[in-house]
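Here's a quick walk through this model, from the sheet out to the contacts between domains. Keep the structure open while you read.

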Amino acid sequence: MESKKISKSISFIGAGNMGGAIIQAVCRTADPGKVFITDYQQDKAEALAAKTGCRTAGSNDEAVLSGDYIFLCVKPQVMGSVLAGISPTLNTLKEKGEHKVLVSIAAGLTIDSLREKLSGACRDMPIVRIMPNMPVTIGKGMLALAAGTDVPSAALEDLKTALTEAGRVEQLSESLMDAFTVVSGCTPAFIYMFIEALADGGVMTGLTRQQALTYAAQAVMGSAAMVLETGEHPGALKDAVCSPKGSTIAGVAALEQRGFRSAAIEAVRCGFLRNVELGKD
Ligand SMILES: NC(=O)c1ccc[n+]([C@@H]2O[C@H](COP(=O)([O-])OP(=O)(O)OC[C@H]3O[C@@H](n4cnc5c(N)ncnc54)[C@H](OP(=O)(O)O)[C@@H]3O)[C@@H](O)[C@H]2O)c1
């Protein structure tokens with residue numbers, strides 16, 4: 001059997017949409033026998049365990065006791081009660097010299113704000129913040145990881161390795177997390193709108209809806225892959241496709257006339273401002 005790259009155990013509190021996607025990715029790099037999951041709706045955890053071979057924990061406390069890395073995959077509004085609930089167990093473990101690392105995937109919650117929701121001696125425990133995006137679901141996500149200097153480098157390496165099957169993982173300064181959240185987390189919605197609109201144009205010009213959606217989505221995927229794989233500036237790639245008096249430059253001019261690039265920049269700027277606002281709630 002293929003040897004797994006992570007020897008530590010990993011627990012998940014919350015096995016919903018994003019938690020579930022990350023659990024499935026982590027079970028491909030870590031030994032599923034050392035992955036423990038729990039959820040308010042235990043049937044969700046059981047279904048995922050049956051699918052991935054990982055184990056269920058009977059409660060949040062049991063998840064804390066079982067994992068070296070404890071992923072917190074609940075909505076930001078319930079994070080306070082989850083952290084208050086597990087604090088006594090974390091404090092007991094700390095007294096015994098057992099070191100755990102908390103890993104939050106909650107949008108908008110800073111490491112400091114997570115720390116404030118803990119009570120007792122565990123408040124100074126290492127906390128890592130991870131921001132995934134929706135394509136994590138198919139292993140093609142973009143994830144950022146931010147951590148203070150108190151997080152051991154071995155733990156950061158383990159976490160990056162554990163997440164490799166979820167997509168591309170980069171470590172970022174926490175101060176850039178709001179900008180990252182919009183460019184990576186919100187962009188899928190912007191691109192879905194773009195693909196839908198391109199397909200509308202395709203239908204107007206004679207394609208079936210299914211043909212138009214497939215061709216537009218494949219063109220978006222291939223174009224994105226070229227940006228990543230060639231390292232070329234997107235402007236240069238665009239110029240290479242525009243021949244004199246050709247159809248592409250006619251379409252490019254139409255997009256420019258209607259403020260396409262300016263709309264995209266505004267979408268990111270408005271998303272960023274809203275994200276900062278949400279973090280203060
Ligand atoms: N979805 C995304 O695209 C995305 C992207 C980036 C970050 N995130 C972050 O990911 C986190 C989870 O989001 P999600 O979309 O996966 O939410 P979700 O589908 O609602 O999953 C959260 C799960 O946690 C369970 N839960 C709630 N309270 C609990 C508790 N006290 N103990 C144990 N389990 C509990 C929920 O059960 P109930 O349903 O019964 O409440 C639910 O099954 C959020 O913090 C979000 O900001 C999500």
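## A strand pair to start with

Val128 sits opposite Ala147, a residue of S7. This is a predicted model, by the way. The two strands involved are S6 (residues 127–131) and S7 (residues 141–147), which run antiparallel and are joined by 4 bridges. Helix H7 (residues 177–204) packs on the sheet here, touching S6 and S7. The direction of H7 makes about 175° with that of S7.

## The whole sheet

Zoom out, and S6 and S7 turn out to be part of an open sheet of 8 strands. Reading across, the order is S3-S2-S1-S4-S5-S6-S7-S8, and the pairing is mixed. Which strands stand at the edges? They are S3 (55–56) and S8 (167–171); each has a single partner strand, so one side of each is left without a neighbour in the sheet.

Another helix to look for is H1 (residues 17–29), which lies across strands S1 (10–13), S2 (35–38) and S4 (69–72). Relative to S1, H1 runs at about 170°.

## Two domains and what joins them

The domain assignment splits the chain into domain 1 (10–172) and domain 2 (180–280). Their C-alpha centres are 33 Å apart. On the domain 1 side, 10 residues are in contact with 8 residues of domain 2.

How much area is buried between domain 1 and domain 2? It comes to about 740 Å², with carbon and sulfur atoms giving 70% of that. In domain 1, the residues that lose the most area to domain 2 are Gly108, Met131 and Asn133, together 40% of what that side buries.

As for polar links, the rule finds 2 residue pairs in polar contact across the interface of domain 1 and domain 2, both at pLDDT 80 or more. Strand S7 turns up again here: with 3 residues, S7 gives the largest share of the side of domain 1 that touches domain 2. The salt bridge count between domain 1 and domain 2 is 0.

## Salt bridges

The structure as a whole holds 11 salt bridges. One of them is between the side chains of Arg115 and Asp150, at 3.4 Å from N to O. Where do the partners sit? Arg115 belongs to helix H5 (residues 111–116), while Asp150 is in the loop between S7 and helix H6 (153–162). The pair links distant parts of the chain, 35 residues apart.

Technical notes: Residues are numbered from 1 along each chain as its sequence is written. Side-chain values use heavy atoms; hydrogens and water are left out. Two strands pair if DSSP finds at least two bridges between them. Contact means heavy atoms within 4.5 Å. Axes are lines fitted to C-alpha atoms, for helices over the stretch in contact, and angles run from 0 to 180 degrees between N-to-C directions. Domain bounds come from an automatic or database domain assignment. Buried area is the accessible area (1.4 Å probe) that two parts lose on being put together, summed over both. A salt bridge is a side-chain nitrogen of Lys or Arg within 4 Å of a carboxyl oxygen of Asp or Glu. A polar contact is a pair of N or O atoms within 3.5 Å; within protein, one must be able to donate a hydrogen and the other to accept it, and residues adjacent in sequence count only if both atoms are side-chain atoms.
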